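Subject: A structure for you to explore

Hi there,

Here is the structure I promised to pass on to you. Have a look at it first, and then read my notes below alongside it.

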Amino acid sequence: MKRRDFLRLVSAAGLTAAAGVPFWRSRVHAAPPIFEAIDPSASGIHWVHDNAMSPSRFLPETMGPGVAFIDYDNDGWIDVFMVNSGAADFYQPKTPLKNALYKNNRDGTFTDVTAKA
């Protein structure tokens with residue numbers, strides 16, 4: 001990452017320097033939040049991650065879930081794809097785990113279209 005890009009990122013996060021003091025030593029001023037928690041009943045996203053943790057703590061367990069913000073249907077609105085853990089020789093879930101694809105409804109809510117897609 002270039003220095004200029006790093007400083008833009010730091011500035012966007014609200015970690016600006018005051019009077020020539022490096023940002024990590026200056027007083028951090030509260031910046032507006034970048035993300036906001038939205039209740040599942042309002043957003044429509046009800047996906048739950050199963051961490052697949054075994055007592056032995058194998059290396060694959062450190063690579064948990066993932067999320068992709070993509071426009072899967074090419075309508076110009078960002079949709080959400082969530083990846084869950086899965087069965088392995090060291091972990092057998094009680095119920096089958098699934099990934100989930102949520103279509104953006106263009107009003108702040110999402111619809112689960114996993115089966116349809």
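Of the 117 residues in the protein chain, 19% count as buried. Please keep in mind that this is a predicted model, and that the values below were computed from it.

Let me start with the overall layout. The protein chain has two helices and four strands. If you walk along the sequence, you meet these elements in the pattern α-α-β-β-β-β. The chain exposes about 9,100 Å², and carbon and sulfur atoms supply 59% of that area. I also looked at contacts between residues at least 6 apart in sequence: 38% of them join residues at least 24 apart.

Next, the sheet. In what order do the four strands line up? They form an open sheet in the order β1-β2-β3-β4, with antiparallel pairing. The edge strands are β1 and β4 (residues 110-112), each of which pairs on one side only. From one strand to the next, the twist averages 20 degrees.

Strand β3, residues 100-104, is a good place to zoom in. On one side, β2 (residues 79-83) pairs with β3 in the antiparallel sense over three bridges; here M82 stands opposite A100 of β3. β3 also pairs with β4, again antiparallel and over three bridges, and T111 in β4 is the bridge partner of K103. Is β3 enclosed or open to the outside? Four of its five residues are buried, so β3 is largely enclosed by the rest of the structure.

β3 and β4 together form a hairpin, with five residues between them. Try to find R106 in that turn: R106 has a positive phi of about 70 degrees.

Now for a few single residues, which make a nice exercise in telling inside from outside.

- S43 sits in helix α2, which covers residues 40-43. Because its relative accessible area is 8%, below the 20% cut-off, S43 counts as buried. Which residues does S43 touch, leaving aside those up to four places away in sequence? They are I38, G108, T109 and F110.
- V67 belongs to strand β1, residues 66-70. With a relative accessible area of 47%, V67 is partly exposed. V67 joins F69 and I78 in making a nonpolar surface patch of about 310 Å².
- K116 lies in the segment after β4. Is K116 buried or exposed? Its relative accessibility is 75%, so K116 counts as exposed. K116 and L101 are 15 residues apart in sequence, while their C-alpha atoms are 9.4 Å apart in space.

If you would like a route through the model, begin with the strand order β1-β2-β3-β4, then follow the β3 and β4 hairpin through its turn, and finish by comparing S43, which is buried, with K116, which is exposed.

Happy exploring, and do write back with any questions!

Best wishes

Conventions. Residues are numbered from 1 along each chain as its sequence is written. This is a predicted model: local features need pLDDT of at least 70, side-chain atom pairs count only at pLDDT 80 or more; totals for chains, interfaces and linings use all residues. Side-chain values use heavy atoms; hydrogens and water are left out. Patches are made of residues with over 30% relative accessible area and no salt bridge: like charges are joined within 9 Å, nonpolar side chains (Val, Leu, Ile, Met, Phe, Trp, Tyr) within 5 Å. Accessible areas come from the Shrake-Rupley method with a 1.4 Å probe; for residues, only the protein chains shown count as cover. A salt bridge is a side-chain nitrogen of Lys or Arg within 4 Å of a carboxyl oxygen of Asp or Glu. Buried means under 20% relative accessible area, exposed over 50%, partly exposed in between (1.4 Å probe, protein chains only). Two strands pair if DSSP finds at least two bridges between them. Axes are lines fitted to C-alpha atoms, for helices over the stretch in contact, and angles run from 0 to 180 degrees between N-to-C directions. Contact means heavy atoms within 4.5 Å.
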